[in-house]
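The following note is written for a reader who is beginning to study protein structures. Please keep the sequence and the structure at hand while going through the points.

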Amino acid sequence: MSPEPDDRTIHDASEEGIRKKADASVVLTQLRGNKTRENTVSENPDGENGRGEEGPSLHTDEVLRPADITPDNEMLPDTDEIRRKLEDEDADRKIREQLASAQVWEEKQKAIENERERQRKEIEREIEADSRKKAIGKWKRNAVIGAVLLILIIAAAALTFSVQPNLPATQDSFPYVSSYNVRIPQGEPVNFAGIPVTVSGTGDKVIVSISGGMGTEIGIGDKITLSSPKRMVIRIFGVTLFESDYQIVAKFRGYVPVTSQNDFIVAVMTTRPVPEWAVGVILPDGVDITPVGGEDF
């Protein structure tokens, strides 16, 4: 046999071995992160590197040709990057769990605060209602006590109130005069400071009877003394409220047919000013009385 076929076989086997070694070198370079494709890779069958005469040289361009790359030679994933992403996802999950726990805690705290606020308001309403009830009860109790005291005072005042209108006078001069228009019913007795007075008649002249006496006839414009000088003393609880000498004089003004009354001007003459409440003690009750002025007595 000729030597040519043996040389071709040896040459083909050498190229196949060199190609496999080059492919393994590229894979190792990619796994280490070295992506430089400009360097030339060469290796002889004995394992020596370089561009010697003993073996053919292979360039990177020849090794990385698309025709020579198979799916088994694709770039492997970076394990550090995968590990970092997994750690980041785990950290993100933990953060989300912490945030969710914090949100739940805040919601619980808010619910607790709202419940405390509701209980506080409820307690305040109960205290206010109780205070209102106590205040109302206290007011009612005070009102009852006040009413009882007022009744007792009025009763005591009624029992101790006394009027002595017919005491002997100590003076005969009466500088203070109060005039009133008094209409006395026909034939009905009325009291002036405890003195009964009855007027009879329907014309220009009437008969005035004092204390049940025979009576005195007077005409329009005539004057009559209803009470001689007397002394009046008014006391309550043993304390003197008013004390004065007085005299009562009346002037006849005529008969009023519409009301069947006899019209008089009555002058109450005293030794000191008479308060309004004391006038009611001197003048009669149940008759028309109107203060007037300017009458000469």
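1. A definition comes first: two strands pair if DSSP finds at least two bridges between them. The structure discussed here is a predicted model. With that definition in mind, one can identify an open sheet of four strands, ordered S5-S6-S7-S8, in which the pairing is antiparallel. Its edge strands are S5 (190-192) and S8 (216-219), each of which pairs on one side only. On average, and with direction ignored, neighbouring strands of this sheet are turned by 35° against each other. As general background, strands of a sheet pair through backbone hydrogen bonds, either parallel or antiparallel.

2. The chain as a whole should also be described. The protein chain contains four helices and twelve strands. Of its 297 residues, 24% are buried. The accessible surface comes to about 20700 Å², and carbon and sulfur atoms account for 53% of that surface. Among contacts in the chain with a separation of 6 or more, 59% are between residues 24 or more positions apart.

3. Within the four-stranded sheet, how many bridges join S6 to S7? Strand S6 (residues 195-200) and strand S7 (residues 205-210) run antiparallel and are joined by four bridges. Two bridge partners can be located in the view: Val 197 is matched with Ile 210 in S7, and Ser 200 with Ile 207 in S7. The two strands form a hairpin with four residues between them, and Gly 201 in the turn has a positive phi of about 130°.

4. Strand S7 also has a partner in S8. These two strands run antiparallel, and four bridges join them. Ile 207, already named as the partner of Ser 200, stands opposite Glu 217 in S8. S7 and S8 form a hairpin too, with five residues between them; in its turn, Ser 211 has a positive phi of about 55°.

5. The other sheet to examine is an open one of six strands, in the order S3-S9-S10-S11-S4-S12, with antiparallel pairing. Strand S3 (162-168) and strand S12 (288-292) are at its edges and have a single partner strand each, so one side of each is left without a neighbour in the sheet. The average turn between neighbouring strands of this sheet is 30°, direction ignored. Inside the sheet, S4 and S11 pair in the antiparallel sense over ten bridges. One position to look for is Ser 179, which stands opposite Ala 267 in S11.

6. Which strand gives the most to the largest nonpolar core? This core has 29 residues, and those with the most contacts inside it are Phe 192, Val 208, Leu 226, Ile 248, Phe 264 and Val 266. At least two residues each come from S4 (176-185), S5, S6, S7, S9 (223-236), S10 (239-256), S11 (261-270) and helix H4 (276-282). It is S10 that gives the most, with five residues. In soluble globular proteins, nonpolar side chains tend to be buried together.

7. Val 266 deserves a separate look. Residues up to four places away in sequence are not counted here; beyond them, Val 266 touches Ser 178, Ser 179, Tyr 180, Val 182, Phe 192, Ile 248, Val 249, Ala 250 and Leu 283. Phe 192 and Ile 248 are, with Val 266, among the residues that have the most contacts inside the core.

8. A search of the whole structure for aromatic pairs finds one. Why is this pair described as tilted? The ring centres of Phe 252 and Phe 264 are 5.2 Å apart and the planes stand at 50°, so the pair is tilted. Phe 252 is in strand S10 and Phe 264 in strand S11, so the pair ties together parts that are twelve residues apart in sequence. Phe 252 counts as buried because its relative accessibility is 1%, and Phe 264 counts as buried because its value is 2%; the cut-off for buried is under 20% relative accessible area.

9. The last point concerns a residue of strand S10, Gln 247. Is Gln 247 buried or exposed? Its relative accessible area is 16%, so Gln 247 is buried. Leaving aside neighbours within four places in sequence, Gln 247 is in contact with Phe 174, Thr 225, Ser 227, Ser 228, Pro 229, Ala 267, Val 268 and Met 269. Of these, Ala 267 is the residue opposite Ser 179.

Notes
Residues numbered from 1 in each chain as written. Predicted model: local features only at pLDDT ≥ 70, side-chain atom pairs only at ≥ 80, totals over all residues. Heavy atoms only, no water. Axes fitted to C-alpha atoms, helices over the stretch in contact; angles between N-to-C directions. Core = buried A, V, L, I, M, F, W, Y, C linked by side-chain atoms within 4.5 Å. Buried < 20%, exposed > 50% of the residue type's maximum accessible area, 1.4 Å probe, protein only. Contact = heavy atoms within 4.5 Å. Phe/Tyr/Trp six-rings, centres within 6.5 Å; stacked < 30°, edge-to-face > 60°. Areas by Shrake-Rupley, 256 points an atom, 1.4 Å probe, with all protein chains shown as cover.
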